[in-house]
Amino acid sequence: MRIERVSMSQFTIFLTFDDLIERGFTKEDLWQDVSSVRNLFSDMMYEASSELGFELEGMLLVQVHLMQAQGMHVIVTQKIENLNWDEDFIEMKVTLDESKELIFSFDEFEDIIQVSSYLMAASIEGGQIYHLNQRYYMLLQDVELVGKNKEHIIAIMSEFSSPSIITSTRLLEYGKVIMASNAVRQIIDTFY
């Protein structure tokens with residue numbers, strides 16, 4: 001679990017699927033077992049509070065983004081209002097969202113060239129490539145993966161890259177577009 005302070009009233013938590021498994025959860029549990037999820041969030045909030053020196057009070061707006069290969073990215077925003085609540089009372093409003101895209105981070109463009117031959121063999125020709133903060137990113141949209149074994153694609157990608165917690169929105173806003181579409185096909189045509 002990785003915890004980062006964003007501002008005086010906001011912090012983020014990133015849990016990989018391995019972190020969730022260590023805590024006794026599966027991805028499906030997050031959608032079905034409400035009371036256990038509530039306990040998971042409470043534990044995470046207090047752990048983050050302790051690690052960051054963040055005083056938990058008032059209302060916490062919790063946005064949870066489940067990413068297909070990466071894990072769970074939790075954004076916590078504290079809203080302190082002048083309410084006459086008991087000091088130990090914290091209200092959490094939790095929003096769950098699941099990403100339908102795969103984003104992987106690469107050290108070198110050469111790694112993208114290498115993974116592309118394996119993706120092409122798995123009938124994946126699409127994808128987008130971005131460059132941001134001295135790293136390359138490959139984004140595969142859910143529509144490009146229809147009828148494909150996503151776990152197999154994630155396994156292939158993991159051999160050459162790391163799952164990224166950067167969202168496609170951030171890539172679009174701050175990243176440099178290297179290939180806007182059909183990235184795997186373009187790489188195969190250019191380098192093989």
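1. Buried is taken here to mean under 20% relative accessible area, with exposed meaning over 50% and partly exposed the range in between (1.4 Å probe, protein chains only). The structure is a predicted model, in which local features need pLDDT of at least 70 and side-chain atom pairs count only at pLDDT 80 or more, while totals for chains, interfaces and linings use all residues. Residues are numbered from 1 along each chain as its sequence is written, and side-chain values use heavy atoms, with hydrogens and water left out.

2. The protein chain has seven helices and 10 strands, these being DSSP runs numbered from the N terminus (helices H or I, at least four residues; strands E, at least two). Of its 192 residues, 42% count as buried. Among contacts (heavy atoms within 4.5 Å) between residues at least 6 apart in sequence, 73% join residues at least 24 apart.

3. Strand 6 (residues 101–106) deserves attention, because six of its six residues are buried, so the strand is largely enclosed by the rest of the structure. Both of its faces are covered, with Glu101, Ile103 and Ser105 buried on one side and Leu102, Phe104 and Phe106 buried on the other.

4. An open sheet of five strands, with antiparallel pairing, follows the order 9-6-8-7-10, where two strands pair if DSSP finds at least two bridges between them. Its edge strands are strand 9 and strand 10 (176–179), each of which pairs on one side only. Strand 6 is joined to strand 8 (residues 135–141) in the antiparallel sense over six bridges, and to strand 9 (residues 162–163), again antiparallel, over two bridges. Ser105 has Tyr137 as its bridge partner in strand 8 and Ser162 as its bridge partner in strand 9.

5. The largest nonpolar core (buried Ala, Val, Leu, Ile, Met, Phe, Trp, Tyr and Cys residues joined through side-chain atoms within 4.5 Å) has 26 residues, of which Leu102, Phe106, Leu119, Ile129, Met138, Ile153 and Met157 touch the most other members. Strand 6, helix 4 (109–121), strand 8, helix 5 (150–160) and helix 7 (183–191) each give two or more residues to this core, and the largest share, six residues, comes from helix 4. Apart from this core lies another, of 22 residues, among them Ile13, Met44, Val64 and Met72.

6. Which residues does Met138 touch, not counting those up to four places away in sequence? They are Leu102, Ile103, Phe104, Phe106, Ile112, Ser116, Leu119, Gln128, Ile129, Met157 and Val184.
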